[in-house]
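Here is a short walk through one structure. Keep the sequence and the model side by side.

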Amino acid sequence: MSSDFDPDFVLTDTQKKLLDDVRELCRIKIKPLAIKSDRDYVYPRESMNALAEMGLLGLIIPKELGGLGESHVFCSMFVETLARYGCSSTAMIYTMHVSCLATLLLRYHNNPLVKDLLTRIDKDKLIGTLSYSDPATGGHFWFPLSSKVKELDENTVKLLKYGSWATSSGCADFYVVQTLSPSSAPGDYSDLSCFLVYKDEIRANTDDWEALGMHGNMSGPLVIEGIFKKERMVGPPGDGRLSNDECVDPYFLLNSAACWNGISLACMDLAKKHVTRKAHADVGMRVCDYPTIQDYFGEGVCDVNASRALVLTVAKEMDQLSNNNDWSLHADLTFAPRMSLLHWLWQVKFVAAKTVYQISDKMLQSCGGSGYKTDLGLERLLRDGKASWVMGPSNEVLRQFVGRACLLGMESIDYWDQHLNNRVIYNELKKMNVEQKKELAQKLLKEVDMEEKGIDSKHPYQETDFENPFNTCPPAVNDKVIKTSDGLYHSPALKPDTWTSLKLKSYRDVSNKMGAFVFTLPNSTDHTGCFAGQYMSVRANIKGKEHTRYFSPVSRTSDYGKIELVMRFENQGIMSNYFKNLKPGQAVDFQGPCGGFEYQAGALDHLTLLASGGGITPIMQLVREVMANPNDQTHITLLYFSENCNEILFKEELDKYEDKRLNIIYTLGEAPDNWEGEEGFIDTHMIDQYVPKPNGLNHKIVMCGGPQMILSCLFSLHSLGFPSESIFVYGQFGTEQVKMVYGRKVALASHHCD
């Protein structure tokens, strides 16, 4: 479309010239690469490198640090240009990159490590991104349930962060991640901190990235786990909440809106090219001569330019409040002018997302069948534009935020569920009859009793161990020499405080994404030194740097002379790639036991195992342990969810067990026609049907799976009356997940069979 419709009057001559150069770069390089990126799911590193060569990765970095020191207005116009003339994925990757830079620039003043990184962005072609979303809370990125940080000493912290969605996952060179603060009070998810981590310190798997559009984004989950210097903390402890409102939200909302506007304009550019060329010979008119098509374009121009005007108005005010993006002012930790515009920025993103939805559809209608085909290019832009609505915070969330702020004030937005809504409670109570009120009162009194007992019964050691929150004492060690009926003596091979080198014996595929590794113990008669259900640590030195991972073995404790581990492969994981390349005879260091559930034969009447996906690994060892011991009369119920038949691990082995002590229920997300098991996620109905009721049996429920599965099962167990103190969850967040459902002060299970 004509430049008459571009608001370049907001730019200086220098900025106009720079955007002209960007358009030319898009024409000759970035746009051709966009087609390949979309077709083949290729991360547009080459396009980002080209931007670095023009000094554009450091667009908002101050000139004294080697950047261009540009404004909010120009940054938004640059992202729009990149999306319009180049590549949608590259524009979104750049948006996350510049949002990451803003978070660092907010607190670089007294941090030499951060300052050094900022000076090398263009020179070393470094791409950054953010990891804020959480697998348990989704697009509510301000609520990091799956993160924790512990202060080890005055210089170091131990950090664990699970992120559900991160653009450039595994492809970026550095990440700013949001976690709970090291000193946060239990259950206070408003106390946030930010940390800087590097590419070789994260685990990610971009092979799983498949989406409607934005194919080059490489969005996906990631894991950060390890010990870090405190200099990696971006800003003081507890600064994450201010950082969210001052940098992360403002930069992401403003520039993502610019990206959506750019896609809207690109759709109109392509459609105009088509409708001004395509003619209908029978009526002697081009498509563009029809009044309906003119109406579509007229409305589209008005809508997208209204959205652009809103972006530029808010960007201009951000420049005004920040002295034209002057980061030196933030040496005063209380200086936070952008956050006063947060309710405007919500509107900016909402309007741009709504606009690209409407314009991309109208341009498809304008182009008819030609627009539906891939060769015009409109189809790719339409798919990319659909990300606008759902990308967190989604338009549903933003619309609700704006409406609530408008009617009830900004203070009414309760990000962390800290305020009681008495109006809702009283209104719901009005609907209840006397019997329903009695039933609710009895249930509430029961929960009060559970929480009061929890306060009294909580073990002082519990929740002090970073890796093992259920533990009431340090992990037990099976350090005994065992004599078997054949007269052989079996000594423990592993120790919890020293490393033991073990050689790989064999490898086999478990699925297309997982593999089983068998390592030999130092002697053929050795046992591991672990109890069934415990996990261990594995260490490898890779390119001069030490890396560790935790594993739950699937082999029995009586599998003397060997230990079997199962790993899910990640194409962006240092240890994962190391294991992929291991050859028989090569050695890896082991240490353990490190924690986990400690099973004792015969100590339980019933053991319920709830598992999903790769969470079957610690569960499998427990099944093997019980089935191999005919004297152990523990009954097992295994409820196991997989997405499809091909992802059921160990099914052939599990199906061979013909033992009345074991009841296996498979459930699938996608069931074939001849499937005889259950269908769907593990839910209240399945648990009610298959899991023995809490009727005085010595019964333990052990779960292992993703956060969504764990929380869903916990809600079901709670509604069915299963007590919190009977539930053990594998993973470092297990007790927090239980308390999110049962209450902050409920009694917790221990790691034993009691």
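The text below takes up a strand and its partners, then the cavities.

This is a predicted model. Begin at strand β13, residues 514–520. Is this strand mostly covered or mostly open? Six of its seven residues are buried, meaning that each has under 20% relative accessible area. In general, side chains in a regular strand alternate between the two faces of the sheet.

Now look at the partners of β13. One is β12, which spans residues 500–509. Six bridges join β12 to β13, and the two run antiparallel. They form a hairpin, with four residues between the strands. To find the register, locate arginine 508, which stands opposite alanine 516 in β13.

Strand β16 covers residues 562–568 and also pairs with β13. How many bridges link β13 and β16? There are seven, and the pairing is again antiparallel. Here valine 518 is a useful marker: its bridge partner in β16 is glutamate 564. So much for the strands.

Next come the enclosed spaces. A probe the size of a water molecule, rolled over the atoms, shows where empty space is left. Searching the whole structure gives four cavities of 30 Å³ or more. The largest holds about 60 Å³ of space.

Which residues line the largest cavity? They are Ala34, Ser37, Asp38, Cys87, Ser88, Ser89, His215, Gly216, Arg380 and Asp384. Three helices each supply at least two residues of this lining: α1 (13–40), α4 (88–106) and α10 (378–385). The largest share comes from α1, with three residues. By class, the lining has five polar, three charged and two nonpolar residues.

Turn to the second largest cavity, with a volume of about 40 Å³. Asp6, Leu19, Arg23, Met77, Glu80, Thr81, Arg84, Tyr85 and Arg308 line it. Two elements give two or more residues to this lining, α1 and α3 (72–85). The largest share is from α3, which provides five residues. What is the make-up of this lining by class? Five residues are charged, three are nonpolar and one is polar.

One helix links the two cavities in this account. Helix α1 gives the largest share of the lining of the largest cavity. Helix α1 is also among the elements that give two or more residues to the lining of the second largest cavity.

Note on methods:
Residues are numbered from 1 along each chain as its sequence is written. This is a predicted model: local features need pLDDT of at least 70, side-chain atom pairs count only at pLDDT 80 or more; totals for chains, interfaces and linings use all residues. Side-chain values use heavy atoms; hydrogens and water are left out. Buried means under 20% relative accessible area, exposed over 50%, partly exposed in between (1.4 Å probe, protein chains only). Two strands pair if DSSP finds at least two bridges between them. On a 1 Å grid over the protein atoms alone, a cavity is a set of points where a 1.4 Å probe fits but cannot get out, and a pocket is an open set with protein on both sides within 12 Å along at least five of seven lines; lining residues have an atom within 4 Å of a point. Grid points are joined across faces, edges and corners, and a volume is the space filled by probe spheres set on the points. Ala, Val, Leu, Ile, Met, Phe, Trp, Tyr, Cys and Pro count as nonpolar, Asp, Glu, Lys and Arg as charged, and the others, Gly among them, as polar.
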